[in-house]
Structures are given as structure tokens and as C-alpha cells.
Amino acid sequence: MSATPDHGGSGASGRTARTAAVIPAAGRGVRLGPGAPKALRPLSGTPMLVHAVRAMAGSRSVSLVVVVAPPDGADEVRRLLDAYPLSGSLGDTTEVVVVPGGETRQESVRKGLAAVPETVTTVLVHDAARPLVPVDTVDAVVAAVRDGAPAVVPALPLADTVKQVDPRTGERAGEPEPVVGTPARALLRAVQTPQGFDRATLVAAHEKIALEGEGATDDAGMVERLGVEVVVVPGHEEAFKVTRPLDLVLAEAVLARRRANDGF
Ligand SMILES: Nc1ccn([C@@H]2O[C@H](COP(=O)(O)OP(=O)(O)OP(=O)(O)O)[C@@H](O)[C@H]2O)c(=O)n1
Ligand SMILES: C[C@](O)(CO)[C@H](O)COP(=O)(O)O
């Protein structure tokens, strides 16, 4: 399946967008350690966020990208994106808007979603922290939504066995945690982004969660709480999330391999 080009759209491109991507990029990157906000850290000399925007704009189906910046950093992010044009990618007419985010990923996505025009029918939500997702993965998610699935996640089978534990807190924090179960690994998937949604479904999910409080770690999880079916398409190893310092090493290695393959 491949997603067809977006022929709708208004905005800089003069078209009415039917597919938009929201990129939450307002996190601090605590697990990555001290330094600039995670999305602004360089990978091969280019900020992680710019890689993520290019990954979305590289899909011919995406004509609007909404970047969700740190709450007090929208102007800085706008200037940064202006300094790194999308040139060279298929989507160099993609409109990119920047809005301020919130204290949690959930709140940031909600704010980004509020900036998506009602003409948009398909919304992708993509972590800035997954800068290297291949365009084929993006297209597969869009195509599945356009084929009628209200919520689509790219995912991979697990390599490790997973244990459920009884976490130790308070005075017992740091003690060994008892294992209370071992879910069948063959039934588990590690979920990535972009996650793709019928717009109305995602809006309804975020409205419900905003009333109920925080707690979902991904957008598809919110949709599940509505009782709406979520389906999985194949993810990609290169769509990993840059979370800890070792992930930066892997990201640089992936980019070096791509440069070598491109003959640079
Ligand atoms: N208040 C927040 C928190 C997170 N994010 C975004 O959500 C994505 C996934 O979050 P994560 O990888 O956890 O990033 P951080 O929150 O920055 O990382 P950490 O938890 O280590 O601080 C990232 O692109 C991050 O910028 C966001 O937009 N707003
Ligand atoms: C959305 C996500 O990337 C799916 O795996 C993940 O849940 C984000 O988690 P984080 O703790 O906000 O990085």
C-alpha cells in the first residue's frame, strides 16, 4: 500500500491539507542527560527535530506539519526550522507551523491538534524523538487510515521477554521487585510513531482523556479507551526512540550508513 499525494490544502502551499502531522517536541529529554532540549540536539550536525520534520514532509501525503515546541520556546524553534529548509525532500511545499506545548506529551499533542484545521481528515502524531523513521513506514500508516482504519500504529515484535512486576515504592524503593507475571511474548508489540488517526477519533480521544486526567503513554492508548479498534502495521528498526545516550550513538550510525549507501 502506498499513500496517494495530498491534493487538498490551504496554507503556504495554497492547498487544503487532508493529512497533517503533529510533532510533539516540547520534552526536556531528562533521560538523555544534561544539555539542550532533546529535540534541538544535533544528529550529524542537524537538530533531531529537523530530521523528524523532514521525515514527515518526505511523505507525499503530508501537506501540513504542526511542530509543538517547549512552552516558552516557540519563537526559537520557528527560527531554527527556518534555518534548515525542507529542500531536497519530496515535501518541500509542506507547510510547517509551530505552536507552544505543555507539561506532558499528552497536553502537547492536544495543543498541536488544536492547530490542525477541520479540513484535515487524517492526523499523524510523531515523536520528534523518532527522527529517523523511514518514509515507507509513514506512508504505510497513512494508507491504512485512508483505507478505513480509525487508528493505526507501527510496531515491531519484541526481542526481550517482558516481566510484570510489583513495583517497590516509598521505604521499599530499591528493593528487588517480585515478578507477578510473564505475558506471552508472541502477543506483544513494541509500538512506535507516527501513529495515524481519523481526525475526529483522535480529537474525541483527547477530549475524553482531558476530562479523565493524564495517564496514557501514547495516543492510540487513548483511542482504545474510547472502545475504538486500533490496528498494527509493520514498524521499522530505524524508527527507534532516542531516549538514552546510547540511542544517540545508534542514530549517528544509522545516518552514517545512509550516507554511505547514498554514495556521499
Ligand atoms: N511535555 C512534553 C513531553 C514530551 N513531549 C514530546 O514527546 C515525545 C516523546 O517523549 P520522550 O521521548 O519521553 O521525550 P522527553 O519527555 O523529552 O524525554 P524524557 O522523558 O527523558 O524527559 C518527544 O518528542 C518529546 O519532545 C512533548 O512534546 N511535551
Ligand atoms: C508514543 C511512544 O513513542 C510509543 O512508543 C511512547 O509511548 C512515548 O513514551 P515517552 O515516555 O513519552 O517517550
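## Helix α5, the ligand shells and L158

On helix α5, the exposed residues A200, L211 and E212 sit on the face turned away from the buried side. The model is predicted, and the protein averages a pLDDT of 91, with 91% of the residues scoring at least 70. For the complex, the predictor gives an ipTM of 0.97 and a pTM of 0.93. One stretch scores poorly: over residues 7-14 pLDDT stays under 50, and the model has 21 contacts for these residues beyond four places in sequence.

**Helix α5**

The buried residues of α5 are R199, L202, A205, H206 and I209. Seen down the helix axis, the buried residues of α5 fall within an arc of 130°, so they line one face of the helix. Which elements cover them? The cover includes α3 (105-114), β6 (122-125), β11 (195-198) and α6 (219-225).

The length of α5 can be checked against its residue count. Helix α5 runs over residues 199-212, and at 1.5 Å a residue its 14 residues should span 20 Å. The C-alpha atoms at its ends are 20 Å apart, which agrees with that expectation. After α5 comes G213, whose phi is positive, near 105°.

**Ligand shells**

Ligand 1 is surrounded by 22 residues, of which P24, A26, G27, R31 and S108 are the closest. The shell around ligand 2 is made up of R105, D127, V191, Q192, T193, T217, D218 and K241. The table gives the make-up of each shell by residue class.

| Shell | Nonpolar | Polar | Charged |
|---|---|---|---|
| Ligand 1 | eight residues | seven residues | seven residues |
| Ligand 2 | one residue | three residues | four residues |

In the shell around ligand 2, then, four residues are charged and one is nonpolar. Around ligand 1, eight are nonpolar and seven are charged.

**L158**

L158 belongs to the loop between β7 (151-157) and β8 (164-165). How many C-beta neighbours does L158 have inside 10 Å? There are 14; a residue is buried at 20 or more and exposed at 12 or fewer, so L158 counts as partly exposed.

Leaving aside residues up to four places away in sequence, L158 touches R185, L188 and A190. A186 is 28 residues from L158 along the chain, and the C-alpha atoms of L158 and A186 are separated by 7.9 Å.

Key
Residues are numbered from 1 along each chain as its sequence is written. Chains are lettered from A and ligands numbered from 1 in the order in which they are written. This is a predicted model: local features need pLDDT of at least 70, side-chain atom pairs count only at pLDDT 80 or more; totals for chains, interfaces and linings use all residues. A residue is near a molecule or strand if its C-beta atom, placed from the backbone, lies within 6 Å of it. Ala, Val, Leu, Ile, Met, Phe, Trp, Tyr, Cys and Pro count as nonpolar, Asp, Glu, Lys and Arg as charged, and the others, Gly among them, as polar. pLDDT is the predictor's confidence in each residue, from 0 to 100. Two residues are in contact if their C-beta atoms, placed from the backbone, lie within 7 Å. Helices (H or I, at least four residues) and strands (E, at least two) are DSSP runs, numbered from the N terminus. The expected span of a helix is 1.5 Å times one less than its number of residues. The arc is that of the directions from the helix axis to the C-beta atoms.
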